[in-house]
Amino acid sequence: MDKTMVMDFLKTFASKRLSWLLLAGSAFMLELTAIYFQHVMSLQPCIMCVYERLVMVGLISAGLIGCINPKQKYIRWPSFMLWGYSALQGVSLAKTHVYVQSNYTPETHCDLVPNFPSWIPLHEWMPWMFQPTGTCAEIAWQFLGLSMPQWLVIIFSVYSITFVVFLVPQLLKR
């Protein structure tokens, strides 16, 4: 398979609903996993966790918007931009969260109340999902030696790389 065929495949696949459903579905499953950790395993989310959840909602939204009519550029491009923005914000937030966990001192603390705009107080509307009740420095869960924020760095990096892989063919002319 040559480079042109790969680029054509990626460009075509991005204009199919399945690609956007995969984006929305994978992010939705990760969001459900976070809710499971909180409400079944009793792991309390910190403010960074809440912001990381919000970024995941951005990825779900990007996928759902893209599903509307992915053949139309005016639908696909805003979806791409929301995908890229959300994925990169996720990497940044998760890296900050890892830093706080790795370098904890009493001075490196997180806020207790999210800084949402007054017109969309998600922590009041959906406290079961967006109300922080834990501390950022606590490492309450690990898998294969990595904490949840470390896994999120990997996950958001994969979303970011996938974004670039699908974006580049959209920018190139045939």
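This is a short walk through the fold of one protein, with most of the time spent on helix 2 and the core.

Hi everyone. Before we start, this is a predicted model, where local features need pLDDT of at least 70, side-chain atom pairs count only at pLDDT 80 or more, and totals for chains, interfaces and linings use all residues. Residues are numbered from 1 along each chain as its sequence is written, and side-chain values use heavy atoms, with hydrogens and water left out.

Let's begin with the overall layout. The protein has 7 helices and 2 strands; these are DSSP runs numbered from the N terminus, with H or I over at least four residues for a helix and E over at least two for a strand. Reading from the N terminus, the order is α-α-α-α-α-α-β-β-α. The C-alpha trace spans about 55 × 35 × 30 Å along its principal axes.

Of the 174 residues, 42% are buried. Here, buried means under 20% relative accessible area, exposed means over 50%, and partly exposed is in between, using a 1.4 Å probe and protein chains only. I'll also talk about contacts, meaning heavy atoms within 4.5 Å. Among contacts between residues at least 6 apart in sequence, 79% join residues at least 24 apart.

Now to helix 2, residues 17–39. How far apart should the ends of its 23 residues be? The expected span is 1.5 Å times one less than the number of residues, so helix 2 should span 33 Å, and its end C-alpha atoms are 32 Å apart, which agrees.

Which parts of helix 2 face inward? Its buried residues include Trp20, Leu23, Ala27, Glu31, Ala34 and Phe37. The buried residues of this helix pack against helix 1 (3–13), helix 3 (47–68), helix 4 (73–102), helix 6 (127–130) and helix 7 (148–171).

Take Trp20 as a close-up. Trp20 has a relative accessible area of 1%, so it counts as buried. Leaving aside neighbours within four places in sequence, its contacts include Ala14, Ala62, Cys67, Pro70, Arg76, Phe80 and Trp83. Further along helix 2, Ala34 is 14 residues from Trp20 in sequence and 21 Å away in space, C-alpha to C-alpha.

Leu32 is also in helix 2, but this one is partly exposed, at 40% relative accessible area. Together with Phe28 and Met29, Leu32 makes a nonpolar surface patch of about 300 Å².

On to the core. A nonpolar core is a set of buried Ala, Val, Leu, Ile, Met, Phe, Trp, Tyr and Cys residues joined through side-chain atoms within 4.5 Å. The largest one has 38 residues, and Met48, Leu59, Phe80, Trp83, Phe156 and Tyr159 touch the most other members. Helices 1, 2, 3, 4, 6 and 7 each give two or more residues to this core. Which helix gives the most? That's helix 3, with 11 residues.

Phe80 came up with Trp20 a moment ago. With residues up to four places away in sequence set aside, Phe80 is in contact with Ala14, Trp20, Phe163, Phe166, Leu167 and Gln170.

One last stop: Val57, in helix 3. Is Val57 buried or partly exposed? At 27% relative accessible area, Val57 is partly exposed. Beyond four places in sequence, Val57 touches Glu31, Met129 and Phe130, and Glu31 is one of the buried residues of helix 2.

Thanks, everyone!

Terms used. Patch = residues over 30% accessible without salt bridge, like charges linked within 9 Å, V, L, I, M, F, W, Y side chains within 5 Å. Areas by Shrake-Rupley, 256 points an atom, 1.4 Å probe, with all protein chains shown as cover. Salt bridge = Lys/Arg side-chain N within 4 Å of Asp/Glu carboxyl O.
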